[in-house]
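Welcome! Here is a structure to explore through a few questions and answers.

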Amino acid sequence: MTRLMQRILVIKHGALGDFVLATGPFFAIRHAHPDDQIVLLTTAAFAALGQDSGCFDEIWVDKRPSWHNLIGIQKLRANLRRGRFSRVYDLQTSARSSWYFRMMRGYNRPQWSGIARGCSHPHTNTERNRLHTVERQADQLAMIGLNNIPGPNLSWLDANIDHFNLPDRFVLLVPGGAPHRPQKRWPAAQYIQLSRIISESGLYPVVVGGDAEVDLGREIVEHSDAISITGKTSFADLAALSRRAAAAVGNDTGPMHITAICGCPSVVLFSQDSDPAITAPRGPDVTVLRFPKLVELPVYKVAAALSLR
């Protein structure tokens, strides 16, 4: 008997680090549903990443309407119901994504893997909030029958970076981070000192980051031999840069997850305000340095961990 194609929904909004750490589950879900139609519900920032991964047949951009936006909520609710999904993998497991479960109330409510109250396959591990994202999602998926979840995978993410005209040997610096959490940032003055050490070792420091880090990159360049390409790189560019770089050092922020997954020797700086046991980047060569207050983390410790060669 021919099996009918099912429609599957995967929910993953972000942020960047969380999104790329979920690529292992993305591929596991695709493998488990080779003949089904899989839809990713995500935010605009990660729609292209989801499409390029090859794991999804459709990408839906979630505008995440506020609780008071009744028209937006009704449109979202209608879309979720019209999707006729037989199963939902909620990899966001937030209050918002659990609210979507309630939106899909009805006789044809799909199977649901997540933490929404009353869902068919709840993640019931009482230690889930103490697990690293990778292990937590693998444990969640095991409860709906998906096992052997691979690690994060960005092998498909690449770009031509010749237009940056970078030297052959360089080290990536990632001095940015969430603007509302400045305590997670090592100060620019320390990055400047580290840049000088990198230059003395015969490598070139290259500062990367988003539009919000352009001024920060300019500050580091003005006081060192660093090169800044902040505000000029796509996610694919970051992956390509990571594969060519001798090393990378940066704060607990999304781009460091890309450097780590792509195999770049990565030194990630954590303060007491985030827990590497739960959120640290994963990759073949990752060193975590944790200091209660990053402003007090000595440059020599970071330089030693970087182990330039």
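Q: How many bridges join strand E7 to strand E10?
A: This is a predicted model, and its strands E7 (residues 170-174) and E10 (residues 247-251) run parallel. One pairing to look for is Leu 173 with its bridge partner in E10, Val 249. The number of bridges joining E7 to E10 is four.

Q: Which strands stand at the edges of the sheet that holds E7 and E10?
A: Six strands form this open sheet, in the order E9-E8-E7-E10-E11-E12, with parallel pairing. Each edge strand has a single partner strand, so one side of each is left without a neighbour in the sheet. The two are E9 (227-228) and E12 (286-290).

Q: At about what angle does helix H7 run to E7?
A: Helix H7 covers residues 188-200. The helix lies across E7, E8, E10 and E11. Its angle to E7 is about 175 degrees.

Q: In E5, what is the bridge partner of Tyr 89?
A: Let's turn to another open sheet, with six strands in the order E3-E2-E1-E4-E5-E6. Here E4 (residues 87-90) and E5 (residues 111-114) run parallel, joined by three bridges. The partner of Tyr 89 in E5 is Ser 113.

Q: How many disulfides does the structure hold?
A: A disulfide needs two cysteine sulfur atoms within 2.5 Å. For Cys 55, the closest cysteine sulfur is in Cys 262, 15 Å away, so the two are too far apart for a bond. The number of disulfides is zero.

Q: Is Cys 55 buried or exposed?
A: The relative accessible area of Cys 55 is 1%. Buried means under 20%, so Cys 55 counts as buried.

Technical notes:
Residues are numbered from 1 along each chain as its sequence is written. This is a predicted model: local features need pLDDT of at least 70, side-chain atom pairs count only at pLDDT 80 or more; totals for chains, interfaces and linings use all residues. Side-chain values use heavy atoms; hydrogens and water are left out. Two strands pair if DSSP finds at least two bridges between them. Contact means heavy atoms within 4.5 Å. Axes are lines fitted to C-alpha atoms, for helices over the stretch in contact, and angles run from 0 to 180 degrees between N-to-C directions. Buried means under 20% relative accessible area, exposed over 50%, partly exposed in between (1.4 Å probe, protein chains only).
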